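Me: Please take a close look at one part of this structure and describe it in plain terms. I would like to know what it is built from and which contacts tie it to the rest.

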Amino acid sequence: EEGILQKTYLAAASGIFPEEKSCGTICIPIGKDQKNPLGMAVSADGSLSGCKKAVTHFRVLKEMGDNSLLEVWLETGRTHQIRVHFSSIGHPLAGDDLYGGSRERIGRQALHCARQSFTVPVYTPLPDGIRVEMPLQLRTVTVESPLPPDMEALFS
């Protein structure tokens, strides 16, 4: 069900985005890569095996050297979606050698789930358990995680 779990990612993409592209949406279907059995690929015409709609939103937060720190959120959740979409527009993630990124400055994909929000029932702790509010009421819980040191080093 939409809206129950929301994730925000931080990604270090190769290259600097033009000012007019400092935020945007990538809406290109993704399917299985015919050339690489481990990978996925974009398919503008939807002809790839298992091809499905994929929508990625982003905003540039910071630029330094040849990397851009992006805030990324998804409408769809396809395998390797963020990695494939940014590679398809010429900005592969740093460290993501499967999709064209360089491992020169970071030894892994520079992708980090920075925030997750989800809903849980409102409840009251009791000595022998919990009492869930009825009718069911929900509250939102948000968990955040700072940028890891290896990704932070790309921007310092």
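Reply: A residue is called exposed when its relative accessible area is over 50%, and buried when that value is under 20%. The model discussed here is predicted. By that cut-off Pro127, with 88% relative accessibility, counts as exposed. Pro127 sits in the loop that lies between β8 (123-126) and β9 (129-132). Its C-alpha atom is 56 Å from that of Gly15, a residue 112 places away along the chain. The part to look at closely is elsewhere: the sheet, and the side chains around β5.

The sheet is open and has six strands, paired antiparallel in the order β2-β5-β6-β1-β7-β10. Its edges are β2 (23-27) and β10 (138-144); each has a single partner strand, so one side of each lacks a neighbour in the sheet. On average, neighbouring strands are turned by 20° against each other, direction ignored.

Take β1 next. Of its 10 residues, seven are buried, so the strand is largely enclosed by the rest of the structure. β1 runs antiparallel to β7 and is joined to it by seven bridges; in one of the pairings, Ala11 has Leu111 of β7 as its bridge partner. Six bridges join β1 to β6, again in the antiparallel sense, and here Leu10 is partnered by Glu71 of β6.

At the β2 edge, five bridges pair β2 with β5 (residues 55-64), also antiparallel. Gly24 has Phe58 of β5 as its bridge partner. Helix α1 (residues 81-88) packs on the sheet, touching β1 (5-14), β2, β5, β6 (67-74) and β7 (111-121), and its direction makes about 70° with that of β5.

Phe58 also has ring partners. The whole structure contains three aromatic pairs. One of them is Phe17 with Phe58, a tilted pair with 5.5 Å centre to centre and 45° between the planes. Phe17 is in the loop between β1 and β2 while Phe58 is in β5, so this pair ties together parts 41 residues apart in sequence. Both rings belong to buried residues: Phe17 has 7% relative accessibility, and Phe58 has 6%. A further pair, Phe58 with Phe86, is edge-to-face, at 5.4 Å centre to centre and 75° between the planes. This one links strand β5 to helix α1 across 28 residues of sequence. Phe86 has 0% relative accessibility and is therefore buried, since the cut-off is under 20%. Through these ring pairs, Phe17, Phe58 and Phe86 form a cluster.

What does Thr56 touch, leaving out residues up to four places away in sequence? Thr56 is another residue of β5, and at 0% relative accessibility it counts as buried. Its contacts are Gly24, Thr25, Ile26, Val72, Trp73, Leu74, Gln81, His85 and Phe86. Among these, Gln81 is also joined to Thr56 by a polar contact of 2.9 Å between the side chains.

To put the pieces together, β5 pairs with the edge strand β2 and is touched by helix α1. Phe58 in β5 takes part in a ring cluster with Phe17 and Phe86, while the Thr56 side chain has a polar contact with that of Gln81.

Conventions
Residues numbered from 1 in each chain as written. Predicted model: local features only at pLDDT ≥ 70, side-chain atom pairs only at ≥ 80, totals over all residues. Heavy atoms only, no water. Pairing = 2+ DSSP bridges. Helix = DSSP H or I, 4+ residues; strand = E, 2+ residues; numbered from the N terminus. Axes fitted to C-alpha atoms, helices over the stretch in contact; angles between N-to-C directions. Contact = heavy atoms within 4.5 Å. Phe/Tyr/Trp six-rings, centres within 6.5 Å; stacked < 30°, edge-to-face > 60°. Buried < 20%, exposed > 50% of the residue type's maximum accessible area, 1.4 Å probe, protein only. Polar contact = N/O pair within 3.5 Å; in protein donor to acceptor, adjacent residues only side chain to side chain.
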